[in-house]
Amino acid sequence: MLSLELAMEQPKESIATLEHVTRQTSAAQLTVLEGCARGARFKVSESATIGRSPDATIMLDDAEISRLHARISRTDPGAFLLEDLGSRNGTFVNGTRVNRRVLAYGDKIRVGPQTVLELQGFDPTEDYIIQRQRFESLGRLSVGIAHDLNNVLATLDAGTSYLQKLPISRILADTDVRECIADLSLAANRASELTRSIVSFARGRGTDRSCIDLSKLIGEVVRMLRHAFEHNIRIEPVTVPNVLVYGSKSELHQVLLNLCLNARDAMPDGGVLRITTSILTVPPPELGWQSNQSVSVLSVTDTGTGMDSETQSRLFELFYTTKREGAGYGLGLANVREIVTLHGGQISLQSTPGEGTCFTIHMPLLNAEQARMSATGEEPAAMTSVPPQSPASVLLVDDEPIVRRSVARRLRLAGIRVTEASDGIEALNVYGEHRHTLVVLDFDMPRLDGLDTQARLLAMDPNVRIVFATGYADSERATAVRIRGALALLEKPYDLDTLISLAKDASDGE
């Protein structure tokens, strides 16, 4: 049986370790002082663009800001250059309009009549602490995850054993054979859903920001929780569509998961966990936002033990915890508030001893124009399929033989010619002898990885059509291959019908 263990050691960081983290001061931070995103903070490492388009690294909801308004770039450790990108209303530093300006910490940057940002130093210890809490949360989920993965593996093992032992006289049309195959497919889909949720959460603090539907995010988290929570806790998601915010999906995932785990811990004998979304078109005055700024509302409510007033007053303090020794380090809720603040939002709670607790998060709602721009900046629409008779040939490059055999088997069944290669070097040799209509590349391979293989294939044939298929692709690598012209990036286990369609489309474009 599978054993899934995440070692959660006590925090033993020495002073020297923390000093090493803190001395990494090459990054800066932009904090919104005025405007609808007041309080939001954005890390700047090498370069960042400011604008109202989702294409901007720092997107601000202000109609007077240009789509790409200004750029800030690091020139030396601790030195940053601000450039106006031809904005219609100009960029100002400390009240003076500028086209290019070397910034100092404390400089105030105005981009539009309503929005002011301040350049500040960045403390990398915050990133470090948030990452520690992320692994703490994963450790708290590990038992439930291992149990569910074991169920999946048991289903796969029993199903394949059954098929292997069948007499050769049996056919696929037999009812029990079809049922077995359907169960195998269902188990594989459940494993895929679970691992994708874990990977999305564990990737770490997100630097890429995009349009996020909080209601869909809740759906993803609830599916993960159903694998890990005891059956005596009833999970009730109550959501409305299109509760859109701009932010980091992995960070907001972390916020929601942490609040739900705390709610579970507060209900040792079972209860109800209710997760809701809603929209406020007129924010309450106590939030301190502009009256015309619509607000998203995310609430996590439990029927657990509740908290007294003294506990509530300290709950967001770093390293404060109500858990028994070894069960938590007091990082979670401090990080939740930090992440919510970084998204320009606010978090509050109401709790009564013996009756439960409700956490409520308010964040700026993304307007319709920004949501539309974000949608147009996402993955291109899938190409229409071409007639089955289109000649298609695929060079399938993956270092895992079982993956190559399984995928190649399905492609050949669809009438596609397939050549297999175990790494990038072999792929270059094969492609040099015969040009295929589509190359399917894995990212991580021995001798020559996917990125370098793509570069060399393009040098060999600028018109080569490439699809990446990978179990893990960070945002930087994904962006790099798309800039070079990759047709698509498929996350394993991917839909083979999609790959077949891409292969036939590629051959049609010859």
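Leaving aside its neighbours within four places in sequence, which residues is Gln454 in contact with? The close-ups below start there and then move around this predicted model.

**View 1. Gln454 and its contacts.** Gln454 is found in helix α11, a helix that covers residues 450-460. Once neighbours within four places in sequence are set aside, the residues in contact with Gln454 are Leu441, Ile466, Phe468, Val481, Arg484 and Ala486. The relative accessible area of Gln454 is just 1%, so this residue counts as buried, the cut-off being under 20%.

**View 2. Helix α10 and what covers it.** Here we look at α10, residues 424-433. Its buried residues are Gly424, Ala427, Leu428, Val430 and Tyr431. Who does the covering? The elements over these buried residues include three strands, β19 (393-397), β20 (417-421) and β21 (438-441), along with helix α11 (450-460). Have a look at the start of α10 too: a side-chain oxygen of Asp423 comes to within 3.1 Å of the backbone nitrogen of Ile425.

**View 3. Arg447, a positive phi in a loop.** Arg447 sits in the loop between β21 and α11. Its phi is positive, about 70°, even though Arg447 is not a glycine. Is Arg447 buried or exposed? With 64% relative accessibility, Arg447 is exposed.

**View 4. An open six-stranded sheet.** Reading across this open sheet, the strands come in the order β2-β1-β11-β10-β7-β8, and the pairing is antiparallel. At the edges are β2 (41-44) and β8 (96-98), each of which pairs on one side only. From one strand to the next, the twist averages 30°. Zooming in on β1 (residues 28-34), four bridges join this strand to β2, and the two run antiparallel. One residue to pick out is Thr31, whose bridge partner in β2 is Arg41. As a general reminder, strands of a sheet pair through backbone hydrogen bonds, either parallel or antiparallel.

**View 5. Asn94, in the loop between β7 and β8.** Strand β7 takes in residues 91-93, and Asn94 lies in the loop between β7 and β8. Asn94 has a phi near 50°, a positive value in a residue other than glycine. How accessible is Asn94? Its relative accessible area is 43%, which makes Asn94 partly exposed.

**View 6. Strand β15 with its partners β13 and β16.** Strand β15 spans residues 271-280 and runs parallel to β13 (residues 233-238), with six bridges joining the two. In this pairing, Ile233 stands opposite Gly271 of β15. With β16 (residues 295-302), β15 pairs in the antiparallel sense, over eight bridges. There, Thr277 stands opposite Leu298 of β16.

**View 7. Where to go easy on the details.** Across the chain, the mean pLDDT is 77, and 74% of the residues reach 70 or more. Residues 1-25 are another story: pLDDT stays under 50 there, and the model gives this stretch 33 contacts beyond four places in sequence. Residues 374-390 also have pLDDT below 50, with 17 contacts in the model beyond near neighbours in sequence. Where pLDDT is low, the predicted coordinates should not be read in detail.

Note on methods. Residues are numbered from 1 along each chain as its sequence is written. This is a predicted model: local features need pLDDT of at least 70, side-chain atom pairs count only at pLDDT 80 or more; totals for chains, interfaces and linings use all residues. Side-chain values use heavy atoms; hydrogens and water are left out. Buried means under 20% relative accessible area, exposed over 50%, partly exposed in between (1.4 Å probe, protein chains only). Contact means heavy atoms within 4.5 Å. A polar contact is a pair of N or O atoms within 3.5 Å; within protein, one must be able to donate a hydrogen and the other to accept it, and residues adjacent in sequence count only if both atoms are side-chain atoms. Two strands pair if DSSP finds at least two bridges between them. Axes are lines fitted to C-alpha atoms, for helices over the stretch in contact, and angles run from 0 to 180 degrees between N-to-C directions. pLDDT is the predictor's confidence in each residue, from 0 to 100.
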